[in-house]
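Dear colleague,

I am handing over the structure below, followed by notes on what was found in it. Please read the notes with the coordinates open beside them.

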Amino acid sequence: MFLLRACTPLFVLLLVTSAASAQKYRTAIGTRIGGGNYGLTVQQKIGEKTTLEGLGLIVSTREVTATLLAERHFPILGPSLNYYFGAGGHVGRHKEFGAVGGFDVLAGAEYKVAFLPVVLSFDFKPSYEIGGEDWFRFPSAFSVRYVLIKEKKKESMLDGLFGGDKDRERSREPRRNKKSESQPRLLDRIF
């Protein structure tokens, strides 16, 4: 596990240096794997830079939890690479202690892979546990998500200058003969 934690920043750095022109996403679903825990992750964009993430985790085969986190994203090098912070809470069931719950915070980075509907992320999610044997936990995890719903592309002010939709509209208009518009027709001269 130490090797995964040590190599992840290097992996993210390699992804940053590759050419990427990917679109944003609204909804993504995938798996989350970390030291001693694994499960499902679903992320839904709810604002310009805000997402809700739901986690369904199995922790050390003795505990099952559900977590809801609100996250704020900040671009690093365009929309493909982001870092994010968040907070939320979790509830679950432990085999020995029964019901558990607590509060979570989150810090991480994500990369939308160019030309593929895949989002890769690595995060650190400390939590305060109520009703369990560990009061504080400091797990990190790697997530791979599949993009279910893409973000709609926004129109840019530069589209009209550099071959955007306005040029396409002009090309669809019927062409008129300038000579016929400048000279009146024979019937117009008579009447």
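Lys45 is a convenient place to begin: K45 counts as buried, at 10% relative accessibility, where buried means under 20% relative accessible area, exposed over 50%, and partly exposed in between, with a 1.4 Å probe and protein chains only. Before going further, please note that this is a predicted model, in which local features need pLDDT of at least 70 and side-chain atom pairs count only at pLDDT 80 or more, while totals for chains, interfaces and linings use all residues. Residues are numbered from 1 along each chain as its sequence is written, and side-chain values use heavy atoms, with hydrogens and water left out.

Salt bridges

The structure holds eight salt bridges, a salt bridge being a side-chain nitrogen of Lys or Arg within 4 Å of a carboxyl oxygen of Asp or Glu. One of them joins K45 to E151, with 3.5 Å between the closest N and O atoms. This pair links distant parts of the chain, since K45 is in strand β2 (residues 37–45) and E151 is in the loop between β10 (140–150) and α2 (165–172), 106 residues apart; helices (H or I, at least four residues) and strands (E, at least two) are DSSP runs, numbered from the N terminus. E151 is buried as well, with a relative accessible area of 17%.

A second salt bridge brings together the side chains of E53 and R145, at 2.8 Å from N to O. Because E53 lies in strand β3 (residues 50–59) and R145 in strand β10, the pair ties together parts that are 92 residues apart in sequence. Both E53 and R145 are buried.

K125 and D104 form another salt bridge, their closest N and O atoms being 3.0 Å apart. Here K125 is in the loop between β7 (118–124) and β8 (127–130), and D104 is in strand β6 (residues 98–112), 21 residues away. K125 and D104 are buried. Salt bridges that share partners also join R26, K45 and E151 into one network.

The second largest pocket

K45 appears again among the residues closest to the centre of the second largest pocket, together with K24, E48, H73 and N82, out of 20 residues that line that pocket. Its volume is about 300 Å³. A pocket is an open set of points on a 1 Å grid over the protein atoms alone, with protein on both sides within 12 Å along at least five of seven lines, and lining residues have an atom within 4 Å of a point; grid points are joined across faces, edges and corners, and a volume is the space filled by probe spheres set on the points. The elements that give two or more residues to the lining of the second largest pocket are β1 (25–34), β3, β4 and β6.

Other residues

T65 is placed in strand β4 (residues 63–75) and counts as buried at 8% relative accessibility. Leaving aside neighbours within four places in sequence, T65 is in contact (heavy atoms within 4.5 Å) with L55, G56, L57, V59, H90, V91 and G92.

F115, in the loop between β6 and β7, is exposed, with a relative accessible area of 70%. Phi of F115 is near 65 degrees, a positive value in a residue other than glycine. Most residues other than glycine have a negative phi.

With regards

Terms used: 1 Å grid on protein atoms, 1.4 Å probe; cavity = no way out; pocket = protein on both sides within 12 Å on 5 of 7 lines; lining within 4 Å.
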